[in-house]
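Trainee: Please take a close look at one helix and its surroundings. I would like its packing partners and any pocket beside it.

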Amino acid sequence: MYLVLDLDSEVPIYQQIRDRVVEAIAEGALAPGAGLPSTRQLAVDLAINFHTVNKAYDLLRREGIIRINRKSGAAARPDVKQPSDELRAGVDWEARMRTLLAELDVRGIAKEEVKRHVAAVLDGFPGREDEKP
């Protein structure tokens, strides 16, 4: 798994790791059920403290995106892309989306432009077949 982090960003490194793993799963670069590097190995690869990687993995685990086993390590949940109320529990994605959309509104980005970008991003995720109304 190849992650690109911006060490000069205001976004904490653990959050960037979490976000890149989620994006990798959505884009198909990390398959459901696929293993992740150990926290120590990823820390070495990224030249960061392993506690930072551990914090990212713990966040992903609490969100139901990965599972962690002491023997086999961390892996994307096999059912991660399946609709499930259990996987949605505790994830406040609407609040995060609201904040992002508010930022776009404050910056004067037109609603239609935002909708086009959202549709383009969603369409870019492989294997995505939503129900037609």
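Mentor: Here is helix α3, with its helix contacts and then the pocket.

This is a predicted model, where local features need pLDDT of at least 70, side-chain atom pairs count only at pLDDT 80 or more, and totals for chains, interfaces and linings use all residues. Residues are numbered from 1 along each chain as its sequence is written, and side-chain values use heavy atoms, with hydrogens and water left out.

Helix α3 covers residues 50-62. Helices here are DSSP runs of H or I with at least four residues, strands are runs of E with at least two, and both are numbered from the N terminus.

Take α2 (residues 39-46) to begin with. Its axis lies 8 Å from that of α3, at an angle of about 120°. Axes are lines fitted to C-alpha atoms, for helices over the stretch in contact, and angles run from 0 to 180 degrees between N-to-C directions. That angle makes α2 oblique to α3. Under 35 degrees counts as roughly parallel, over 145 as roughly antiparallel, 65 to 115 as roughly perpendicular, and the rest as oblique. From α2 come T39, R40, L42 and A43; α3 answers with F50, V53, N54 and Y57. Contact means heavy atoms within 4.5 Å. By class, this contact has 5 nonpolar, 2 polar and 1 charged residues. Ala, Val, Leu, Ile, Met, Phe, Trp, Tyr, Cys and Pro count as nonpolar, Asp, Glu, Lys and Arg as charged, and the others, Gly among them, as polar.

Now α1 (residues 13-27). Its axis comes within 8 Å of that of α3, and the two cross at roughly 50°. So α1 is also oblique to α3. I13, Y14, Q15, I17, R18, V21 and V22 of α1 touch T52, V53, K55, A56, L59 and L60 of α3. The class count is 9 nonpolar, 2 polar and 2 charged.

Last, the second largest pocket. Its lining draws at least two residues each from α3, β1 (66-69) and β2 (73-76). The largest share, 5 residues, comes from α3.
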